[in-house]
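Please find below a colleague's note on the model under review. The points are numbered so that each may be answered separately.

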Amino acid sequence: MDQDQDQRYDVLIVGGGIAGSVAAWTFSREGLSVALIDERDFAAPFFRAERISSLAIADLRDLGLGELIDEVALPLETTAVIKGGKVQRITHEVDYSVPLWQLVNRTRESLKENPLVDFISDVVASVKTGPEGQTVLLKKGQRELCGKLLVVATGASTAFLKNIGVAREIISKNHSSTFGFDLIPGPDFKLPASSVTIRICREGADYMNVFPTPEGNYRANLFTYWNASDAVQKEFVKGDSTALLKRLSPSLMNTTGSWTVGDTLECGAVSVMKSTGYEQPGFVLIGDAYGRICPCCGRGINKVIRDVLTLQKMVPDWIADDVALTPEVLASYYHDDTREAYEEWVYTQSLTLRERIVESTPKQVLRRIIYHHLPPKLQDFYWKHLGSRKQVPIAP
Ligand SMILES: Cc1cc2nc3c(=O)[nH]c(=O)nc-3n(C[C@H](O)[C@H](O)[C@H](O)COP(=O)(O)OP(=O)(O)OC[C@H]3O[C@@H](n4cnc5c(N)ncnc54)[C@H](O)[C@@H]3O)c2cc1C
């Protein structure tokens with residue numbers, strides 16, 4: 001699209017992370033013109049999702065992104081789930097190892113070649129929204145862009161949301177810390193499957209994923225409910241990280257052989273939250289701009305894609321029929337049955353998983369004793385006949 005001649009688009013998207021980029025890709029496949037605006041031309045390396053679930057990848061493939069995924073991601077054919085130094089089971093869902101920023105950049109590159117999409121590297125200085133049309137003023141470019149719908153995909157940052165009168169409700173403050181680090185294999189290192197999930201479930205540490213990267217190294221993601229003021233987090237970050245992990249899980253290396261934690265620890269601290277005050281005309285929030293869940297449930301990308309799939313069902317009709325985008329019309333996106341059920345599931349999951357690891361109520365303490373000390377058959381009997389192991393509903 002020639003920007004100088006026509007500055008009106010069907011959809012304006014602010015934020016070109018995974019949510020904004022996949023939305024731009026999807027709308028352009030529906031024949032809609034899109035302006036995708038991000039502060040940065042190139043997404044610099046950042047620590048986020050490094051392993052994407054098979055379900056999310058399947059949805060991305062359905063959206064036509066399969067070729068891009070195969071260029072940058074490494075399939076992990078099998079995952080061994082390890083508890084107490086023993087392989088409990090091997091799963092065959094094919095997750096993918098890929099740093100998210102690489103997938104975002106590859107998607108952006110391909111969008112730059114798409115005649116229906118203008119990728120604009122700029123900061124939005126001001127916004128006007130309403131049922132009939134939206135206008136954003138670009139700071140560097142000093143020009144206005146107009147569109148029928150504004151999609152806000154600015155992630156967890158609140159700066160842009162303030163411009164449009166959207167606030168954040170914190171559901172669980174300092175909920176979790178996720179760590180990413182290179183894993184340095186020892187001479188006897190060997191994974192029992194393409195990747196492993198090691199259950200720790202002690203002192204606020206939930207589990208750790210270890211997997212190869214597309215570059216041929218090994219990465220680990222450690223999911224914890226620590227925060228910066230916890231002694232255990234300080235010990236992990238400032239002390240001997242490998243020794244601390246061995247203390248938490250003495251049989252940690254039984255099934256993998258020896259390894260040590262590499263020099264650079266990356267940490268993502270998350271509060272679980274949701275936006276409020278978005279019931280306004282003209283714009284919708286997607287991905288982390290709508291709300292942030294806990295990385296421990298490994299479903300952040302699925303949630304992003306669920307939002308995009310929901311919009312895919314309605315936006316082409318809104319544009320074709322020139323529907324006034326009133327809060328009532330946009331409510332059909334937020335209250336779409338599948339989207340709402342998924343949202344409820346991921347938020348419940350975020351809170352429930354934490355309770356199981358950190359809460360000191362009799363129920364959760366008993367649960368942990370059973371988990372660590374009963375043999376598997378007795379555990380199964382307990383959960384089936386005596387325990388109230390209420391699972392959160394299966395994700396739709
Ligand atoms: C530590 C950590 C680990 C995680 N691990 C996993 C995992 O293993 N699996 C999983 O599925 N999910 C995981 N997640 C969740 C997942 O990474 C996020 O849900 C996902 O990245 C959200 O994507 P997004 O596009 O909504 O936001 P972001 O990725 O934050 O993208 C927002 C974009 O908006 C741009 N932007 C912001 N403000 C403006 C502005 N004013 N103007 C223009 N552009 C702007 C930014 O430059 C950025 O490109 C993890 C999250 C964290 C924090």
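The note takes the sheets, the helix packing and the ligand surroundings in turn.

1. Status of the model. The structure under discussion is a predicted model. The remarks that follow should be read with that in mind.

2. The eight-stranded sheet. An open sheet of eight strands follows the order 6-5-13-14-15-12-16-18, with mixed pairing. Strand 6 (86-91) and strand 18 (291-292) stand at its edges, and each has a single partner strand, so one side of each is left without a neighbour in the sheet. At the strand 6 end of the order, strand 5 (residues 79-83) and strand 6 are antiparallel and share five bridges. Within this pair, Ala 80 has Ile 90 in strand 6 as its bridge partner.

3. Helices lying across that sheet. Two helices deserve attention here. Helix 10 (residues 337-358) lies across strand 12, strand 13 (195-202), strand 14 (205-212), strand 16 and strand 18. The angle between helix 10 and strand 12 is about 65°. Helix 6 (residues 231-238) lies across strand 12 (167-185), strand 15 (218-224) and strand 16, and runs at about 35° to strand 12.

4. The three-stranded sheet. A further open sheet has three strands in the order 3-7-4, with antiparallel pairing. Its edge strands are strand 3 (51-52) and strand 4 (74-76), each of which pairs on one side only. Strand 3 and strand 7 (residues 95-97) run antiparallel and are joined by two bridges. In this pairing, Ile 52 is placed opposite Tyr 96 of strand 7.

5. The hairpin of strands 9 and 10. Five residues form the connection in the hairpin that joins strand 9 to strand 10. Strand 9 (residues 124-128) pairs with strand 10 (residues 134-138) in the antiparallel sense, over four bridges. Val 127 faces Val 136 of strand 10 across this pairing.

6. Packing of helix 8 on helix 9. Two packed helices are described by the angle between their axes and the distance between the axes. For helix 8 and helix 9 (residues 327-334), the axes come within 9 Å and cross at roughly 145°. On the helix 8 side, Asp 307, Thr 310, Leu 311, Met 314 and Trp 318 take part; they meet Val 329, Leu 330, Ser 332 and Tyr 333 of helix 9. Sorted by class, this contact has six nonpolar, two polar and one charged residues.

7. Elements around the ligand. Which elements each supply at least two residues of the shell around the ligand? They are helix 1 (18-29), strand 2 (34-38), helix 4 (100-112), strand 16 (259-276) and helix 8 (300-320). Helix 8 gives the largest share, three residues. Strand 16 thus appears both in this list and in the eight-stranded sheet of point 2.

8. Composition and contacts of the ligand shell. The ligand has 31 residues around it, of which Ala 19, Asp 38, Arg 48, Asp 288 and Ile 301 come nearest. By class, the shell has 13 nonpolar, nine polar and nine charged residues. Several backbone atoms approach polar atoms of the ligand. A nitrogen atom of the ligand lies 3.3 Å from a polar backbone atom of Glu 39. An oxygen atom of the ligand is 3.5 Å from a backbone N or O atom of Gly 17, and a polar backbone atom of Ala 153 is 3.5 Å from an oxygen atom of the ligand. Of the 1,000 Å² of accessible area that the ligand has on its own, the protein covers 92%.

Terms used: Residues are numbered from 1 along each chain as its sequence is written. This is a predicted model: local features need pLDDT of at least 70, side-chain atom pairs count only at pLDDT 80 or more; totals for chains, interfaces and linings use all residues. Side-chain values use heavy atoms; hydrogens and water are left out. Two strands pair if DSSP finds at least two bridges between them. A residue is near a molecule or strand if one of its heavy atoms lies within 4 Å of it. A polar contact is a pair of N or O atoms within 3.5 Å; within protein, one must be able to donate a hydrogen and the other to accept it, and residues adjacent in sequence count only if both atoms are side-chain atoms. Accessible areas come from the Shrake-Rupley method with a 1.4 Å probe; for residues, only the protein chains shown count as cover. Ala, Val, Leu, Ile, Met, Phe, Trp, Tyr, Cys and Pro count as nonpolar, Asp, Glu, Lys and Arg as charged, and the others, Gly among them, as polar. Axes are lines fitted to C-alpha atoms, for helices over the stretch in contact, and angles run from 0 to 180 degrees between N-to-C directions. Contact means heavy atoms within 4.5 Å.
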